Amino acid sequence: MTANPAWGMPPHAGPAWTPPPRRGIVPLHPLPFGTVLGRSFTALRQNPRVLLGFALVVQLVAYLVVGVVTAGVAVGLFSRLDTVREGSADFDAIMAGSVAITAVVGGLLALAAGALGVIVQAVVVTEVAHEVLAEKLTLGALWRQVRPVAWRLIGYAALLAGALVAAFIVGVLLVGLLSLATPVAGILFAILLIIGGIVLVLWLSTKLLLTPSAIILEHATIRGGIARSWRLTRTRFWPVLGVVVVITVIFQVLAQLVSIPFSLIGSALTTVIAPTGAVDPSSIIAFVVTLLAVQMLTLLISAISTVVQSTASALLYVDCRMRHEGLDLDLLAYVEQRDAGAPNLPDPYTVGIGRLAPVRYGYAAAPPPYGVPPQYAPPPQYGQYAPPPQQYGQYAPPPQYGQYAPPPPYPQPTPPPSAAEGETPASPTQWTAPGQQPDEPPGS
């Protein structure tokens with residue numbers, strides 16, 4: 001069987017069958033508000049051991065380390081008060097120093113625990129980015145992708161924490177100075193400062209929500225990640241804010257619904273065991289068990305909240321890039337080529353970073369190789385220049401509906417062959433009457 005040079009395959013041979021692309025946790029097109037919110041909660045079912053298990057273990061370890069070390073430092077410092085007479089100058093100095101050192105140690109350990117929380121967020125964002133492509137990775141594979149940008153994430157978290165602490169100190173100093181001059185003005189200024197601070201925190205947290213995703217998936221710097229988040233949320237501020245507020249309110253209400261009943265149960269047990277208020281081992285054990293149960297449930301809710309919020313930020317990042325840069329076309333092309341067996345494909349999340357593509361049908365059209373080929377692109381909008389379709393000889397694709405199609409070339413008449421030398425070319429209108437010689441004039 002000979003090959004057809006025009007198509008590169010044998011005649012009458014169709015394309016090889018390939019299975020349909022695997023579906024991820026979200027459809028590969030711009031995501032509405034309800035899809036982002038709903039899939040943020042259902043993503044736990046795809047890989048719960050990595051998402052929830054890892055987050056729960058990390059937060060439990062951080063909680064135990066912070067609690068044990070802080071309690072040990074506090075016991076060691078405050079035990080010195082037993083050797084000093086109460087009410088003396090030494091007693092007050094040791095008390096103040098013990099409180100200050102314990103607070104500093106607790107704050108540093110809390111920052112370290114926050115750094116571990118950032119690592120959890122990075123692992124969740126990476127896993128969700130792969131779940132969008134219907135890929136499931138192990139914890140080791142996820143950590144190998146997160147490790148190159150881990151210190152950038154920790155630095156970004158430290159930068160945010162430092163900015164919040166500095167803003168809080170400046171606000172307290174301003175309120176204190178104004179209260180010294182006019183107490184009423186200080187109180188009013190404090191109320192206005194709290195309201196303005198809440199609005200400012202909501203605005204900045206929304207504009208900077210996609211910074212960790214940009215650092216993780218695009219390997220951007222801290223400054224570059226902030227700029228990317230600021231640009232991607234430019235026209236998506238209210239949907240992003242809505243998702244963040246709804247998830248935060250849900251988990252705050254859930255935490256209260258869990259902690260309040262257990263607190264009431266603990267108080268009731270303490271009253272039943274020790275009705276007179278006397279402290280005995282039974283009441284202490286009941287109090288400790290109730291406290292541990294409340295803390296474990298709070299820790300579980302905190303782990304789930306971290307996973308859901310990180311999942312929502314990753315999905316919002318994907319949605320914003322779909323709407324601004326046509327990421328959905330890149331992801332579709334990647335999935336199709338991957339399932340067809342194409343090797344060494346580039347990371348689709350790094351293909352069209354910062355692309356300025358024309359917007360068609362509400363999203364940006366990506367150029368090749370991951371976009372739609374020009375000859376098969378959707379028709380242009382009214383008033384937009386439409387380049388002529390690419391011709392492929394007699395096998396050119398048909399024009400799109402509403403597109404001008406040039407008429408086919410009409411066949412030209414074939415010129416008569418040139419007469420040989422010494423011969424009279426035959427006239428196409430020459431006619432000979434019956435019984436007449438060819439060279440004889442008619443009527444002779």
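1. A residue counts as buried when its relative accessible area is under 20%. By that criterion helix H7 is mostly covered, since eight of its eight residues are buried. The residues concerned are Thr211, Pro212, Ser213, Ala214, Ile215, Ile216, Leu217 and Glu218. The structure under review is a predicted model, and the points below take H7 as their centre after a short account of the chain.

2. Overall architecture. The chain holds 11 helices and two strands. Read from the N terminus, the order of elements is α-α-α-α-α-α-α-α-α-α-α-β-β. The chain has 444 residues, of which 31% count as buried. Among contacts with a separation of 6 or more, 70% join residues that are 24 or more positions apart.

3. Confidence. The mean pLDDT of the chain is 75, with 67% of its residues reaching 70 or more. Over residues 1–14 the value is below 50, and this stretch has 10 contacts in the model beyond near neighbours in sequence. A further stretch, residues 389–395, stays under 50 and has seven contacts beyond four places in sequence. Where pLDDT is low, the predicted coordinates should not be read in detail. Among the elements, strand E2 (residues 363–364) has the lowest mean pLDDT, 42, whereas helix H7 (residues 211–218) has the highest, 93.

4. Helix H7 against helix H8. Which way do H7 and H8 lie relative to each other? The axes of H7 and H8 (residues 222–232) come within 8 Å and cross at roughly 120 degrees. Angles of 65 to 115 degrees count as roughly perpendicular and those over 145 as roughly antiparallel; the two helices are therefore oblique to each other. Their crossing is right-handed. On the H7 side the contact is made by Thr211, Ala214, Ile215 and Glu218, and on the H8 side by Ile222, Gly225, Ile226, Arg228 and Ser229. By class, the residues of this contact divide into four nonpolar, three polar and two charged. An α-helix has 3.6 residues a turn, so residues three or four places apart point the same way.

5. Helix H7 against helix H5. The axes of H5 (residues 150–181) and H7 come within 10 Å and cross at roughly 165 degrees. Because an angle over 145 degrees counts as roughly antiparallel, H5 is roughly antiparallel to H7. H5 passes H7 in a right-handed crossing. Arg152, Leu153 and Tyr156 of H5 meet Thr211, Pro212, Ile215 and Ile216 of H7 in this contact. The classes here are five nonpolar, one polar and one charged. Thr211 and Ile215 of H7 thus appear in the contact with H8 and also in the contact with H5.

6. Glu218. Is Glu218, a residue of helix H7, buried or exposed? Glu218 has a relative accessible area of 10%, which means that it is buried. Leaving out residues up to four places away in sequence, Glu218 touches Ser213, Arg228, Tyr317, Arg321, Tyr349, Thr350 and Ile353. One of these partners, Thr350, is 132 residues from Glu218 in sequence, yet their C-alpha atoms are 5.8 Å apart in space.

7. The residue after H7. His219 follows H7 and belongs to the loop between H7 and H8. Its phi is positive, near 55 degrees, in a residue other than glycine. With a relative accessible area of 41%, His219 is partly exposed, whereas Glu218 is buried. A positive phi is also found at Ala134, near 60 degrees. Ala134 has its place in the loop between helix H3 (89–132) and helix H4 (139–146).

8. Val26. Val26 is found in the segment before helix H1 (33–42). Its relative accessible area is 5%, so Val26 is buried. What is Val26 in contact with, once neighbours within four places in sequence are left aside? The contacts of Val26 are Leu31, Thr35, Arg39, Val132 and Leu315. Val26 also lies 8.4 Å from Glu131, C-alpha to C-alpha, although the two residues are 105 residues apart in sequence.

Technical notes
Residues numbered from 1 in each chain as written. Predicted model: local features only at pLDDT ≥ 70, side-chain atom pairs only at ≥ 80, totals over all residues. Heavy atoms only, no water. pLDDT = per-residue confidence, 0-100. Helix = DSSP H or I, 4+ residues; strand = E, 2+ residues; numbered from the N terminus. Contact = heavy atoms within 4.5 Å. Buried < 20%, exposed > 50% of the residue type's maximum accessible area, 1.4 Å probe, protein only. Axes fitted to C-alpha atoms, helices over the stretch in contact; angles between N-to-C directions. Parallel < 35°, antiparallel > 145°, perpendicular 65-115°, else oblique. Left-handed = near helix turned anticlockwise from the far one by under 90°. Nonpolar A, V, L, I, M, F, W, Y, C, P; charged D, E, K, R; others polar.
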